[in-house]
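Here are a few exercises to work through with the model open beside you. Try each task before reading its solution.

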Amino acid sequence: MRKMVQTEQILNALKNCYDPEIPVNIVDLGLIYDLKVENDSVYVKMTLTAPGCPAHTFLKEQVEQELLKVPGVKNAQVEIVWDPPWTPDRMSDAAREQLGWSATPVASLPMDMKPLKTGSEQQGEDGSIILVNPRGEAYAVSKHEHMIWTLCDGTRSVERVVEELANTLGAQPEQIRTQVVEIIDAMIRVGLLTNPDEFVQIDIA
């Protein structure tokens with residue numbers, strides 16, 4: 001008697017795959033849009049965190065390899081889709097906790113706020129990017145997170161940062177706005193960015 005492949009087995013296998021830009025597995029990151037198991041075949045429809053991600057071919061192959069390791073799976077098909085675009089609200093609470101983000105999505109930041117980067121940047125021995133806040137606390141960041149930190153020079157509003165990053169990635173601002181806002185919020189909370197408006201004193205005497 002052939003043992004049926006269980007969806008739970010597939011999801012556990014997919015948790016061995018990680019987005020190259022974010023150190024969270026693709027299941028908790030919310031990249032899996034659809035999953036079907038038919039006899040010994042598995043079909044997965046998934047996305048990536050940003051359109052045009054150069055690692056999509058590598059990640060697709062990695063997912064297929066992990067699926068074929070599951071006992072009973074002989075065929076694995078993975079399709080990368082961009083619609084609907086991924087947003088951070090698809091992440092699990094475990095993923096948010098791992099990244100140091102709030103357990104629930106950030107409602108909003110003032111889009112006209114002009115965040116200012118603080119601290120310094122370093123390069124890890126493995127080539128990773130590390131940001132160090134004024135307290136000396138170090139945080140490994142992805143390439144996109146580093147781009148956001150760099151753009152926050154105190155002259156650009158949050159909306160302007162979204163627009164410039166979207167232009168660089170070849171995406172629409174609405175596709176990445178929520179993600180950028182959450183990253184900026186997280187960086188403010190850990191001291192990698194400041195809100196200059198909080199320190200403006202108005203003399204009304």
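**Exercise 1. Find which residues of α5 and α6 meet, then describe how the two helices pack.**

*Solution.* Keep in mind that this is a predicted model.

Step 1: locate the helices. Helix α5 covers residues 158–169 and helix α6 covers residues 173–189.

Step 2: list the contacts. On the α5 side you should find V158, E159, V161, V162, E163, L165 and A166. Their counterparts in α6 are P173, I176, R177, V180, V181 and I184.

Step 3: look at the axes. They lie 9 Å apart, and the helices pack at an angle of about 125°.

Step 4: classify the angle. Angles over 145 degrees count as roughly antiparallel and 65 to 115 as roughly perpendicular. The two helices α5 and α6 are therefore oblique to each other.

Step 5: add the handedness. The crossing of α5 and α6 is right-handed.

**Exercise 2. Work out the strand order of the open sheet of 3 strands, and the sense in which its strands pair.**

*Solution.* Step 1: trace the order, which is β1-β2-β3. The edge strands, each pairing on one side only, are β1 (32–38) and β3 (75–80).

Step 2: take the pair β1 and β2. These strands run antiparallel, joined over 6 bridges; as a checkpoint, D34 has K45 in β2 as its bridge partner. The two strands form a hairpin with 2 residues between them, and N39 in the turn shows a positive phi of about 55°.

Step 3: take the other pair. Strand β2 (residues 41–46) pairs with β3 in the parallel sense, again over 6 bridges. Here M46 stands opposite I80 in β3.

Step 4: combine the two. With one antiparallel pair and one parallel pair, the sheet has mixed pairing.

**Exercise 3. Which strands does helix α1 touch, and which does helix α2 lie across?**

*Solution.* Step 1: start with α1 (residues 7–14). This helix packs on the sheet and touches β1 and β2, its direction making about 135° with that of β1.

Step 2: move to α2 (residues 56–68). Helix α2 lies across β2 and β3, running at about 155° to β3.

**Exercise 4. How many helices and strands does the chain have, and what pattern do they follow?**

*Solution.* Step 1: count the elements, giving 6 helices and 8 strands.

Step 2: read along the sequence to get α-β-β-α-β-α-β-β-β-β-α-α-α-β.

Step 3: finish with burial. Of the 205 residues, 44% count as buried.

Terms used. Residues numbered from 1 in each chain as written. Predicted model: local features only at pLDDT ≥ 70, side-chain atom pairs only at ≥ 80, totals over all residues. Heavy atoms only, no water. Helix = DSSP H or I, 4+ residues; strand = E, 2+ residues; numbered from the N terminus. Buried < 20%, exposed > 50% of the residue type's maximum accessible area, 1.4 Å probe, protein only. Pairing = 2+ DSSP bridges. Contact = heavy atoms within 4.5 Å. Axes fitted to C-alpha atoms, helices over the stretch in contact; angles between N-to-C directions. Parallel < 35°, antiparallel > 145°, perpendicular 65-115°, else oblique. Left-handed = near helix turned anticlockwise from the far one by under 90°.
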